[in-house]
Amino acid sequence: QVQLVESGGGLVQPGGSLRLSCAASGSIFWIYGMGWYRQAPGKQRELVARISSGGQTNYADSVKGRFTISRDNAKNTVYVQMNSLKPEDTGVYYCNMFVAPQAHSDGDSYWGQGTQVTVSS
């Protein structure tokens with residue numbers, strides 16, 4: 001079993017910054033893709049950013065140039081640095097990882113419990 005624990009959410013004023021972290025623990029051989037998603041009240045969960053095991057990234061158009069996703073494979077951790085935050089960035093942020101528990105095994109998708117980000121003056 002794999003557990004993902006997020007941290008770093010909170011209340012920030014427009015234009016401010018936050019850095020979210022998500023650490024995986026448990027039965028892990030390798031982590032393929034890692035990503036961040038968010039869900040605003042009354043809306044569907046949407047992709048924020050993803051990073052492959054090789055470091056390739058992709059971002060939602062709404063966050064390009066403001067958010068940066070990164071990963072530390074030694075720590076089984078994914079980060080997202082969020083700058084120039086806007087009220088529309090408000091929501092619950094979830095991390096997601098595709099994890100192989102052992103060599104030559106199929107991977108499974110895991111989600112964190114979510115962390116609240118509120119951008120408001």
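## Strand 8 and the salt bridges

Five of the six residues of strand 8 (residues 77–82) are buried, so the strand is largely enclosed by the rest of the structure. The model described here is predicted.

Strand 8 has pairing partners in strand 3 and strand 7. With strand 3 (residues 18–26), strand 8 pairs in the antiparallel sense over six bridges. Within this pairing, Q81 of strand 8 is the bridge partner of R19. Strand 7 (residues 67–72) also pairs with strand 8 in the antiparallel sense, again over six bridges. Here V78 of strand 8 stands opposite R71. Strand 7 and strand 8 form a hairpin, with four residues between the two strands. In the turn of this hairpin, N76 has a positive phi of about 50°. As a general point on such elements, side chains in a regular strand alternate between the two faces of the sheet.

Attention now turns to charged side chains. A search of the whole structure finds four salt bridges. Three of them are listed below, each with the distance between the closest N and O atoms.

| Salt bridge | Closest N and O atoms |
|---|---|
| E46 with R38 | 2.8 Å |
| K64 with D61 | 3.1 Å |
| D89 with R66 | 2.8 Å |

The salt bridge of D89 with R66 involves two loops: D89 lies in the loop between strand 8 and strand 9 (91–100), and R66 in the loop between strand 6 (57–59) and strand 7, so the pair ties together parts that are 23 residues apart in sequence. D89 has a relative accessible area of 1% and is therefore buried, the cut-off being under 20%. R66 is likewise buried, with a relative accessible area of 11%. Salt bridges that share partners join R66 and D89 with R38 and E46 into one network.

Within that network, the pair of E46 and R38 is mixed in its exposure. R38 counts as buried because its relative accessibility is 6%, whereas E46, at 36% relative accessibility, counts as partly exposed. In the salt bridge of K64 with D61, D61 counts as exposed, at 64% relative accessibility.

Taken together, strand 8 is paired with strand 3 and with strand 7, and the loop between strand 8 and strand 9 contains D89, whose salt-bridge partner is R66.

Key
Residues are numbered from 1 along each chain as its sequence is written. This is a predicted model: local features need pLDDT of at least 70, side-chain atom pairs count only at pLDDT 80 or more; totals for chains, interfaces and linings use all residues. Side-chain values use heavy atoms; hydrogens and water are left out. Buried means under 20% relative accessible area, exposed over 50%, partly exposed in between (1.4 Å probe, protein chains only). Two strands pair if DSSP finds at least two bridges between them.
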